[in-house]
Amino acid sequence: MRRRGTPVGARRPAAAGAALVLGGAGVLLGLAAVPAQAAQVSFATHCVPPAGIDPVDGTTKVEITAPATAKVGDTVDIVWKFAQAASKNPDIIDLPANSVQPSGVLKAAGAQTADIAMQGPRENPAIPKGGSMVLSAMKGSLKLTTAGEVTLTPDAYTVNAMSTDTKCSPKETVQKAATIQVTGGGTSTATPTGSSTPTGSATPTKTATATPTATGGTGQTDFTGKEVQIPYACKTPIGDKNATSPVQINARKNGGSYDLTVQFKKSVMDSPADIPKDSVKPSMEVVLGGADKGTVHVEGPANANPIKSGDPIEIPDLTGTYKPGADGTSTLSPGVLTVKALGTTTTCTPKKTEVSLTLDTAQQPGGAAGGTSTSGGGVAGGGSGDSGDSGSGGLAETGSSDHGGLKALGLVAGTAILLGAAVFTFMPRRRTR
């Protein structure tokens, strides 16, 4: 029976129109982005933790998400999501929240070959001793240069926890995890799609950025350097350690010279043991390049207060004076780092360095180039020395020869004061003692 009111024939076009509009919107949305589910892939992995902890063999499970199609000239974003890391937190110390950061390499092959640097944020829940590592998703990008099929395969990755590195690499040949079909140049309407499965070993690469330059004649007096990541190899009486620290060199013009301040931007960590006051003193040789040559000695004050186990370690600024020895453009880069602790010396040498600050300099009498070492934060014209003298921030690699001194360094080296050889430096020794 028909209801009274508007005739049915009059209502159907509106309803049909609405349905058509909604349906059309759905079609448009579907065409705009149809993300495919990223298939989970797994591969046998060998992980090497910090010194003192046995290597681990496990299984890594990941998802790789990338556009299914793109065009030459596009820069595509890629996501590496961990479903499972191969290693666990060693049964040594609880890891606090936001203390773990992953980085790695994704291999591009086929029409275009490249090592794609991937990195995730330092975001994680608290991880108890022996607990499964929870790693953030890593992201990277690739600029497409050649038409054809580009495959993506997960490779080696590193887990940085409280400034220590666990390096993991595949033990088997890994299958491709995603494929991008690249067509000729133009604007891309790339659609994210997923993956199927992950080889080998590589090191993430960094893209260089412009270095701040002090231009003389402008009246400028304060110059801010850029933060650079410096990988160090450290020699200590209890073994060799590797760690990476972000370092920034700033300068203030003072007459014809510059007052330097070297800052370690992200080197705060919890102390694994009680450390008395006035027991830790860092110094560095800043390396000069460009027009000038030599090094500038900078140092920081000893810790003014005791540091209790579990409390954060505040890293002081390192200061010194740079007297230019040449006219022209001179560069300043982080160099050899020395940490004196309880009568022992730890020396950390950059495996590679990077310019933090560039200055337009004017030669000063007795300046750096061709000069000799001077006291009071002066310049060493011959570069970093190798003397065993422990009184001037030299590069001695030996410490106290008595067993008590080594045990003391075991406590302080565990703090990795500026570099973070981290708690794993000595905790295993304590556990087996």
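In this predicted model, strands β5 (residues 100-110) and β8 are joined by 10 bridges and run antiparallel to each other. Within this pairing, glycine 104 lies opposite tyrosine 157 of β8. Strand β8 itself spans residues 148-161, and 12 of its 14 residues are buried, so the rest of the structure largely encloses this strand.

Strand β8 has further partners. With strand β9 (residues 164-170), β8 forms an antiparallel pair held by five bridges. Here tyrosine 157 comes up again, this time facing cysteine 168 of β9. Tyrosine 157 can thus be used as a handy landmark: glycine 104 stands opposite this residue, and so does cysteine 168 in β9. The β8 and β9 strands form a hairpin with two residues between them, and in this hairpin methionine 162 adopts a positive phi near 50°. Strand β10 (residues 178-183) is also antiparallel to β8, and five bridges connect the two. One of the contacts in this pairing is between glutamate 149 and its bridge partner in β10, glutamine 181.

Cysteine 168 leads from the strands to the disulfides, of which the model contains two. A disulfide is a covalent bond linking the sulfur atoms of two cysteines. Cysteine 168 is bonded to cysteine 47, with an S to S distance of 2.2 Å. This disulfide ties together distant parts of the chain, since cysteine 47 sits in strand β1 (residues 40-48) and cysteine 168 in strand β9, 121 residues apart. Both cysteine 47 and cysteine 168 are buried. The torsion about their S-S bond is about 115°, so the disulfide between cysteine 47 and cysteine 168 is right-handed.

The other disulfide is formed by cysteine 234 and cysteine 348, whose sulfur atoms are 2.1 Å apart. This pair, too, links distant parts of the chain: cysteine 234 belongs to strand β14 (residues 228-236) and cysteine 348 to strand β22 (residues 344-350), with 114 residues separating them. For cysteine 234 and cysteine 348, the S-S torsion is about 110°, so this disulfide is right-handed. Burial is judged by a cut-off of under 20% relative accessible area. Cysteine 234 has a relative accessible area of 7% and is therefore buried. Cysteine 348, with 3% relative accessibility, is likewise counted as buried. When the bonded cysteines of the chain are numbered in sequence order, the pairing reads 1-2, 3-4.

Notes: Residues are numbered from 1 along each chain as its sequence is written. This is a predicted model: local features need pLDDT of at least 70, side-chain atom pairs count only at pLDDT 80 or more; totals for chains, interfaces and linings use all residues. Side-chain values use heavy atoms; hydrogens and water are left out. Buried means under 20% relative accessible area, exposed over 50%, partly exposed in between (1.4 Å probe, protein chains only). Helices (H or I, at least four residues) and strands (E, at least two) are DSSP runs, numbered from the N terminus. Two strands pair if DSSP finds at least two bridges between them. A disulfide is a pair of cysteine sulfur atoms within 2.5 Å.
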